[in-house]
Amino acid sequence: MANSDVNKQQQLKTAELLSAAWKPFSVDDMLSPCLVKMLFHETSFHILWFYKESLYDCDMQAVDIANQHALLNPHIEAPLRRIVEHLKSVMTNGIAGVKFLFIEQDTSIQVTCTSLLADVSFDWEFIAYKSCSRRMTAHLVLPLLGIVSELSRQNTALESLIKRKDAEIEDFLAQGAALSKRSLKTDKHDSISFRGAMLTSSGFQEIADSYGKDAFASPHIQNVYTELTRRQAYADKMAVNNGVDGVSREPAAEWPLQSKETRVLTEEKMEKIRHTNVEEAAELKRRKELEEKLLKEEGKKLKKAKKKKLF
């Protein structure tokens, strides 16, 4: 494959990841927000975590996934697509009973979890590496500034609509119209009073206490983020094409690929995992042999019972 084709594919994946919406990610006993955005393909995936004020990147291709599966789950034989599909389900569907453990290191985090694949224990470890401030700007800072501007614009348009509705209601009342129920009556909208009431409400205090954990919980905000990043990326592309310095939000070529060394688990941990998996594999084998033995014995008993009936 030509270098131009590879670069084009990388740019498409980069743009696709940029426009993927952030979603809240639950971490026990943590005040600051934890967010995640994901991009899954048939045999690869790319995940970004915003965790404790830093951005972490986990990019795994087919060979990486296959090697890690062989290391962590030697007792499970499954096609690569099935493994990726299961990991996507674990990450996106919030499967009951699956908990994620975060282990912090100097330049990375390890996110481990245990789930069930075909009723068999399935272990996985996402290793995500701390990313640079430029990527943080691309995926969080600039889009959030854009979202604030867009929500302010929507709020102004909504207040204008409410004022026109109030005028419409007053006109109906002046012409002799009446409400069918007294409970439907509302006071005329006052923007200043409304904003003051919002800032002193218990709901505003809950937002302050949550440290923004639910910032991307709303599907509406997720949609605004996706559409905004797409349009910003297009504006950057057009600016560059026209010889203007745009805001280069996500230059794919500048992000170094993870080396094989950085993906390798520590020898001590690998040995523990191997020992555990060998024991599980031996237990599964023992159970299978026992089931086969019981089936054979049951078959022999049935044959003897049939012979007795014949005589």
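## A pair within one helix

K165 and E168 sit 3 residues apart in helix 4, so about one helical turn separates them. In this predicted model, their side chains come together in a salt bridge, with 3.6 Å from N to O.

How exposed is K165? Its relative accessibility is 45%, so K165 counts as partly exposed. E168 has a relative accessibility of 36% and therefore counts as partly exposed too; the partly exposed class runs between under 20% (buried) and over 50% (exposed).

## A buried pair

Helix 4, which spans residues 133–174, also takes part in a salt bridge with a strand: it holds R135, while D57 belongs to strand 4 (residues 54–60). The two side chains meet with 2.0 Å from N to O.

This pair links distant parts of the chain, as R135 and D57 are 78 residues apart. Are these two residues buried or exposed? Both R135 and D57 are buried.

## An exposed pair

Next, let us visit E42 and R81, which form a salt bridge whose closest N and O atoms are 3.0 Å apart. E42 lies in the loop between strand 2 (34–40) and strand 3 (45–51), and R81 lies in helix 3 (residues 80–93), so the salt bridge ties together parts that are 39 residues apart in sequence. Both E42 and R81 are exposed.

## The whole structure

How many salt bridges does a search of the whole structure find? The search finds 8, among them the pairs K165 and E168, R135 and D57, and E42 and R81.

Definitions and conventions: Residues are numbered from 1 along each chain as its sequence is written. This is a predicted model: local features need pLDDT of at least 70, side-chain atom pairs count only at pLDDT 80 or more; totals for chains, interfaces and linings use all residues. Side-chain values use heavy atoms; hydrogens and water are left out. A salt bridge is a side-chain nitrogen of Lys or Arg within 4 Å of a carboxyl oxygen of Asp or Glu. Helices (H or I, at least four residues) and strands (E, at least two) are DSSP runs, numbered from the N terminus. Buried means under 20% relative accessible area, exposed over 50%, partly exposed in between (1.4 Å probe, protein chains only).
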